[in-house]
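Please explain how the parts of this model are arranged. The account should proceed from the relation between the chains to their helix packing and then to the DNA.

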2 protein chains.
Amino acid sequence: MTISEEFSQVLHDWSETLMRRSMHDFIQFSKDSGLSMPQIRTLFHLSHDGKCGVSEIGELLGVTNPAASQMIDRLVIDGYIERSEDPADRRAKRLKLTGKGRAIVTESIEIRSRWMEKLTESLTLKEQKSIISALLILTKTAQDLEPDENHPSIKFKHEILAETISGSE
Amino acid sequence: MTISEEFSQVLHDWSETLMRRSMHDFIQFSKDSGLSMPQIRTLFHLSHDGKCGVSEIGELLGVTNPAASQMIDRLVIDGYIERSEDPADRRAKRLKLTGKGRAIVTESIEIRSRWMEKLTESLTLKEQKSIISALLILTKTAQDLEPDENHPSIKFKHEILAETISGSE
DNA sequence: TTGTATAGTTAAGCGCTATTAACTAATTAG
DNA sequence: CTAATTAGTTAATAGCGCTTAACTATACAA
C-alpha cells in the first residue's frame, strides 16, 4: 500500500466516523426542531452570510424561486427569519435571521460542539498539539479545492453565538 | 487560547468543511438518483447489515411501520430491494438489496471518495505522512466514544439512526 | 417611452413521507 | 383451544417540497 493509498483510506475512515456522528446529530435536530432539511440549510446560510435574497436561497438549494419562496414563507410564519423590502432595489427582499432564528442555529452548533469537546477531552495535550497542524493543513487544502464557495471565516458563527447569548435583537 | 481551545476550534473548522462538502454530495446524489433521504438510509442499512425486516427499518428511521412499509414499496417497485417471506416466521418479510440496489450504494460511496482522492493529490507525500497518524488517533478516539454499534440496543435507537448514512464497507 | 430583464409571489398539481385506524395472518402464551 | 401478541399491509388524510405557468412590480436600456 502506497502512502497515498493509505492516506485516502485513513481519510475515508475518519470522514465516515465524523459524518456518521454529525449526520446523526443533524437528523435528530431536524426532528426535534420540526425544521426540514432545506429550512435548516437556509438558516445556516443566513447565519453564515448574513442578509440575502430569495433567489440566492433558491440557488443554494438548487430549486426554483417559487420553491424557495414558499419554504421561506414557513420560516417567516414560524418566526425564524424576517423578510423585508430591499430599499436599494424594491423588487428584491432582504432575508435576515430573527433572534429566534439565531438561537436555533446556535443550538444546533452547540449540539455538535458537545461531541467535539468530549473528543478533545479524550485526547492528551500532546496528541491535541500533534493533530492541530494536520487539521489546519487539511482544512486549508480542502477549502482551496472549492473555488466557487466563499468560506468566510468560521469565526463568524461564534460571533453570532456570543451575540445571541448576550441577548441582542 | 489554550491548546484544547485551539484544538476544538480547529476540529470544528475542519468538521464544518467536511460536512459542507459531504452534505452537498449527498443531496446532489439524492436529486440525481431520485431517491429520498429515508430511501438512501434504508439502502445503506441493508448494505451494511444484510437482510432485515420492515419493522427494523421503521425503528432505524424512527417512523411507524406503515410509513416504512410504503417507502419500501417504492424501493421494491423501483427494483432496488427484494421483499420475500421469511421461511422461519411467515409473518415477517426479509428485505435484501438487489444488484441494482448494491450498485447504487457503491456509486454513492464512490462519489464521496472522488473528492477525497482530489484532496489526497493536493497534498505532498510528506504532508500525507504527517496527517495519517493524526487521523488514526482521531478516528480511534471518536469510535471509542460511541456506544456499541454492532449490537444495537432498542434503547438507543436514536443513536442507531445515524448508521445509515455511513457507507458500509 | 417602450420593451425587456429581474425579483418575487400566487396557483394548480404531483409525489413522497408521515400519521392514525382498521385490517389480515401467523406466532405464542395460558 | 382460545386469547393475546407480533409482523406487516391497506386506507384515509395531511403536510412539505417541488415543478410549471401565470402574474405583479421594479429596474434598466434602446
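The paragraphs below treat the chain contact, two helix pairs and the surroundings of the DNA strands in turn.

This is a predicted model, in which local features need pLDDT of at least 70 and side-chain atom pairs count only at pLDDT 80 or more, while totals for chains, interfaces and linings use all residues. Residues are numbered from 1 along each chain as its sequence is written, and chains are lettered from A and ligands numbered from 1 in the order in which they are written.

Two copies of a chain are related by a rotation about an axis and a shift along it. Here chain A is superposed on chain B by a rotation of 180 degrees with 0.6 Å of shift along the axis, at an RMSD of 0.8 Å (a least-squares fit on the C-alpha atoms of residues with pLDDT of at least 70 in both copies). That is the relation of a two-fold axis. Both copies use the same surface, since 88% of the contact residues of chain A recur in chain B.

The contact draws 50 residues from chain A and 52 residues from chain B, two residues being in contact if their C-beta atoms, placed from the backbone, lie within 7 Å. On the side of chain A that touches chain B, α1 (3-33), α5 (99-121) and α6 each supply at least two residues; helices are DSSP runs (H or I, at least four residues), numbered from the N terminus. The most comes from α1(A), with 23 residues. This side of chain A divides into 23 nonpolar, 17 polar and ten charged residues, where Ala, Val, Leu, Ile, Met, Phe, Trp, Tyr, Cys and Pro count as nonpolar, Asp, Glu, Lys and Arg as charged, and the others, Gly among them, as polar.

Two packed helices are described by the angle between their axes and the distance between the axes. Helix α6 (residues 125-145) of chain A packs on helix α1 (residues 3-33) of chain B at an angle of about 35 degrees, with the axes 9 Å apart. Axes are lines fitted to C-alpha atoms over the stretch in contact, and angles run from 0 to 180 degrees between N-to-C directions. The crossing of this pair is left-handed, that is, the near helix is turned anticlockwise from the far one by less than a right angle, whereas a clockwise turn is right-handed. Among the residues that meet are Leu125(A), Ile132(A) and Leu136(A) of α6(A), and Phe7(B), Trp14(B) and Arg21(B) of α1(B). By class, this contact has twelve nonpolar, five polar and four charged residues.

A second pair is formed by α1(A) and helix α5 (residues 99-121) of chain B, at an angle of about 130 degrees and with axes 10 Å apart. The crossing is right-handed. From α1(A), Ser4(A), Phe7(A), Ser8(A), Leu11(A), His12(A) and Ser15(A) meet Ser113(B), Met116(B), Glu117(B), Leu119(B) and Thr120(B) in α5(B). These residues comprise four nonpolar, six polar and one charged.

Turning to the DNA, strand C is surrounded by 25 residues, the closest being Gly53(A), Pro66(A), Ser69(A), Ser36(B) and Thr64(B) (a residue is near a strand if its C-beta atom, placed from the backbone, lies within 6 Å of it). Two or more residues each come from α3 (54-61) and α4 (65-77) of chain A and from α2 (37-49) and α4 (65-77) of chain B. With five residues, α4(B) gives the most. For DNA strand D, the largest share, five residues, comes from α4(A).
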